[in-house]
Amino acid sequence: MTPEGSTSALHEGGRTGLWPAFDTHLRAGLEALEHHHGVLVDGVWGSGRTTLLRALAHTLAGQGASVIRLSPGPGDERRAMSGLAHMLATLPRNLPASLHPAQQSVLHHVMQGDLAPAFPHDVLAVRLATTALLASDDDTRWLLAVDDAQWLDAASADVVQHLAGALAPGRFRTAVTVRTAHQPASGHRAMTEHAPRIGIGMLTLEETVHYLESMGERAATAVPVHRDSGGHPLLVQALAAPPTPDAPGRTARELAASWLATVDEEVRETLALLALAHDPTRLQVRRTWPDRTDAHLAAALEAGILKPLAGDRIVFAARALQSEAAGSGTAFRIAAAHRALAGTTPDPVRAARHQLLGEDRPSPDVLDRADEAAAQARAGGDRALAADILLAAAARTSNGQRPTRLRRLVAAAEDAGAAGRADLALRAADALSATRAGAAEAVALLAVVDASGQELADLDQLLLRARRLARGDAALLAAVDMRSAIRHNLGGRPGEARQAALSAVREASTARLPALKAAALTMQARIERITAHPGAGRTLQLALAVPQSGLPLPLRDTPQYLAVRHALFDDRLDEARTALTGLLPLAEASGSAEDLQEILRSLAELEIRSGNCARALQWSERALSVGRAAGLSLGPAWYTCAMTAMAGSSFDEAARFARLGVLVSREARDLVFTSRNLLALGTVELVTGEPGRAAANLGKVADLEQLQHVRDVTMLRWQPERVEALAATGQQEPAAHLLNALRRTASAQALATGWGAGLDRSEAVLLAHLNRRQEAVVLLERAGEHFHELGLRLEEGRTHLTRGRIERGRRRGAAARSAGERAMTLFEDAGARPWTALVHTFLYAAEEIGAPQGGPAALTVTERRVADVVISGASNKEAAQRLFLSVKTVEATLSRVYRKLDVRSRSQLAAVLRPA
C-alpha cells in the first residue's frame, strides 16, 4: 500500500474539509471516463490522488464495470511486463480458455515473468493476446485503475495504451494517478493522447480556514497552520489537531518525514543543507556545495517538496518540511553548512547570520558583526530578520555579559513586535523571564502584544503581567496603558479605552516622553471621534502639536495617520491622498507589518471611494499578502478585500472575503472588524437582491455599534444601507423610524459627507416603496449631485442605477435608460466590473419589452450576444468574462434563450441560430 493509502479513512469526512474540491474532482473524473474513456490524476504525496482513484473505481463498479487495480511500487519500472503480469493475475481464471493456444502461451509467459529467453520478446504478440483476452467477454466493461503510474514499466504502459484504442469505445477505460508536482508525463504513457488531466493542488488559506472551522478549531490559527503546512491536506490536519492518546494519528513531523522520504537519501542530504539557507537560488547551491547536483533539486521539485520562484529561487513547499529537513543533520554538519553559506551568501547581513550560527562560542568580533547586521536589517525594514539574529547572538552571549545579553533580547523583542512575529517576541520574553529581567521582560511582553495585532484572545494576562513588572516606571506604565486602550477599543469598550489613554497621557508627560504622549493623545482623539465627543478635534490638534522627538512611534499610532483617517471619514479625498502618499514610504521602511498593512488598507479605501477599482484591488491584495507573511489577524485585511472585490472584482468574491473576516474577527473578539465585515456582507446581499439577509446582517452591525457606543455615523456607514434593506423587505415603518432618528440627530458635518448623500438615496428607496416615486427622484438627483461634488464616483453610479430602477417602475423607459447609461459610464470608467454587470442586466432586461415573439428575432440584444458566445464554444464562466457579466446573469439569460427558442442544449441552440 502506498503511504497515502492511509487517507482512505478520511474519505467521507474529508470531502468538504481536507479535500474541499473532492466532489468537483470526482464529477470531472467520471465525466472524463464517460466521454474520453480515460483520466489522469496527478498531485504530490498525500494530496488525495489515491482517495479519488478509489472513489472513481467504486462508482464505476457500482455501475457494473469490472475494475482492475494496479499499484506498482519503486523498482517495478525496471521490471518489464511486471504491471501487465499483475493485471492478468487479477482477471477471472476462465477468460484464457477462449483464446488461441499461442495467445494463451504468450500470456502465460507474461504472468510467469519469463518472456526471455523462453521466446522472442514480441510486444505486438503481447498486445494482440491481451486485447483478445479482454474482448472475449462481450458483456464486460473494464476499468483499469493504476495508482502511482510513475512506477509502471514502459512495456506494460505500451500494452495498456494499445488496449484503450483497440477495444470498442467504452469497453476499456483507464484511470491513472501519478505522484508529481509538475510533470505528469509518465502517466500519459498508459493513456490515450487526449485524456483529460485533473491536478490536485494544495489547500488555499481560505480553504484552511473553513476546514479548521468545520473541525471546531480556531480559525485564527489558519495563517500559521497554512504557512507551516503549505496547504498540504494531511499536514493541515495534523497541525490543526495534533494526535492525542484519545485520537491517535501521525504528527506533522512524521508526515513531513514521510514526504521527504519520497526522494532518495542523497536528495534528502541536499535538502538538509538547503533548509539552512535563506531564499536560495540554484546558483548559490552549486557554489556552496559543488558536489550537490541540479538533479537533486529537480527530484525535490518533482516531488513537490520544493517549489520554484522567480529569479531562479527555490523554497520549501511547507515550513514543516524545511524544519524537518534542517533538523535531520548532526550539529557538526549544520554548523559546517552555516559556515559554507557564510562564504557564498551575497547579502552581508545574511552572511553575518550564517557566520554566527556556524559557531557555538563565537568571538567578540563575530558577535559585534551580528549586532551590526541586525541594525542593517532593521534599517532595511526587515525587523523579523533583525530579531532572529539578535536572538541567536543573545543565546551565544556569555553569562558574564548579562547587560549585553539583556540588551540583545530586548531589541529582539521590539523588532519581533514591529514585524508582527509573536513567536520570536515570545522567545525573547521567555529568555528574559528566565533571567528575572524585570522591566526588560515587560518590554518584551508588550512586544508580544504588538505582534498579536487584532488577535485579542489571551492578551489580558500578558498586560497584567507587564503592568506588575512596570510598577513605578512611568514610561513603561504609559506603554502598558497604551496597549490597554487599544485592547479596550477593539473589544468594544470605548469608555475604558479613553480612560486608559488619559492615564497614558499623564504617565508619558511624567516620564517626559513626547512621542509616547503624542501617541496617547492620538488614541484619546480616536476614541473621542468614535463616540462623537465634542473635544475630538481639539485633542487631535494637541497631539499634532507635540514635538516629535524621542523614540519613533508606530506609524499607525501617530496623529498624522489619524488625521488621514479623519480626512477619509469626512470624504476629503485629495487631502487624504496627499498624506498617504507621504506615509507609504515611511511604512515600507519601518519594517512594521501592521503599519504597512494599515497604510495599504487606507489607500485601498481611498481608491474605492475615488472610483479607481484596479488600483484599489492592488492595494488590498498587497495588504493581505503583508498580513499573511507576518501572521497578523486577517480580519482587517479580509474586510478591505471584501470592499475592493465588491467594487472591482465580483460580488461572490466579496461575500466570501466578508464571511471569512466575520469568522476570524468574531473568534478573536474583535468587535470593530466583526462590524465592518458584517457591513460588507450585508451590502453585497443588498445589491445582489437578498434584502432579507442584508437586513439581518446590518441589524447585527447596529447591535454591535450600540454595544461599542459608536456615535460617529461617518466612520462605518451602515445606516443608509439598513434603511434601504428594511424598505426592500416590506418593513417600511421600521425603515422610516430609523431614517427619522438619523435625520434628527445628524450633525451638519455628517450630512456634508457621502453619508448624508447615502441617507438621501436610502430615503428615496423608501419613498419609492411607498409609491412616492416623484419625490424619490428629486432626492436621487440631490444625492447624485452631492456624490459628484465629493468625487465618490461609485456611489454616484449606484445612485443613477437606483434612479433608473425607480424610473422604470414609473414606466418612464427613456428616463430609466438615461439613468442606467449614466451609471454604466461611471462604472466602466472606474473599472467596477460587478456594478457594470448589474447595469448590463438592468439595461438589457428592458429590451424584452416589445420584442417580437418566436424564433431568433425574439431574442434581445443581450440574449443574442450571450447565445453567440456560448455556441462558439465558451463556457458560462468564459462568456461572463468576455461580456463583462456575472456568471449568474449569463445563466439566467441562457435560460431565457432556451425557453424562447424551445431548445434544450447548446447543439440545438447552434442549429437554430446557425443553420447549415
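Is His37 buried, partly exposed or exposed? In this predicted model, His37 has a relative accessibility of 25% and so counts as partly exposed. The residue sits in the loop that links helix 2 (22-35) to strand 1 (38-43). Its backbone deserves a glance as well: phi of His37 is positive, about 65°, although the residue is not a glycine.

A similar backbone feature turns up at Ala532, where phi is near 55°, a positive value in a residue other than glycine. Ala532 is partly exposed, with a relative accessible area of 47%, and belongs to the loop between helix 28 and helix 29.

The two helices joined by that loop pack against each other. Helix 28 (residues 514-530) and helix 29 (residues 536-545) have axes 8 Å apart, at an angle of about 165°. Because angles over 145 degrees count as roughly antiparallel, this description applies to helix 28 and helix 29. Their crossing is left-handed. On the side of helix 28, the contact is formed by Ala518, Leu521, Thr522, Gln524, Ala525, Glu528 and Arg529, while helix 29 contributes Ala536, Thr539, Leu540, Leu542 and Ala543. By character, the residues of this contact are seven nonpolar, three polar and two charged.

Another helix pair can be described in the same terms. The axes of helix 36 (residues 671-687) and helix 37 (residues 691-707) come within 8 Å and cross at roughly 160°. Helix 36 is therefore roughly antiparallel to helix 37, and the crossing is left-handed. Helix 36 brings Leu671, Thr674, Ser675, Leu678, Leu679, Leu681, Gly682, Glu685 and Leu686 to the contact, and the residues of helix 37 that take part include Pro691, Arg693, Ala694, Leu698, Val701 and Leu704. Here the residues divide into eleven nonpolar, four polar and four charged.

Turning to the interior, the largest nonpolar core holds 136 residues, of which Leu271, Ile305, Phe316, Leu321 and Trp638 touch the most other members. Helix 36 supplies the largest share of this core, with ten residues. The surroundings of Phe316 give a closer view: leaving aside neighbours within four places in sequence, Phe316 is in contact with Leu271, Leu274, Ala275, Ile305, Leu306, Lys307, Leu321, Gln322 and Ala325. A second, separate core has 50 residues, among them Ala392, Ala412, Ala470 and Val480.

Helix 4 (residues 82-89) is largely enclosed by the rest of the structure, because six of its eight residues are buried. These are Ser82, Gly83, Leu84, Ala85, Met87 and Leu88. The elements that cover them include strand 2 (66-70), strand 3 (142-146) and strand 4 (172-179), together with helix 5 (101-112), helix 7 (123-135) and helix 8 (154-166).

Leu70 offers a residue-level look at strand 2, in which it lies. With a relative accessible area of 5%, Leu70 falls under the 20% limit and is therefore buried. Setting aside residues up to four places away in sequence, Leu70 touches Gly83, His86, Met87, Leu144, Ala145, Val146, Asp147 and Leu152. Measuring from C-alpha to C-alpha, Leu70 and Thr90 are 9.3 Å apart in space, with a separation of 20 residues in sequence.

Technical notes. Residues numbered from 1 in each chain as written. Predicted model: local features only at pLDDT ≥ 70, side-chain atom pairs only at ≥ 80, totals over all residues. Heavy atoms only, no water. Core = buried A, V, L, I, M, F, W, Y, C linked by side-chain atoms within 4.5 Å. Buried < 20%, exposed > 50% of the residue type's maximum accessible area, 1.4 Å probe, protein only. Helix = DSSP H or I, 4+ residues; strand = E, 2+ residues; numbered from the N terminus. Contact = heavy atoms within 4.5 Å. Axes fitted to C-alpha atoms, helices over the stretch in contact; angles between N-to-C directions. Parallel < 35°, antiparallel > 145°, perpendicular 65-115°, else oblique. Left-handed = near helix turned anticlockwise from the far one by under 90°. Nonpolar A, V, L, I, M, F, W, Y, C, P; charged D, E, K, R; others polar.
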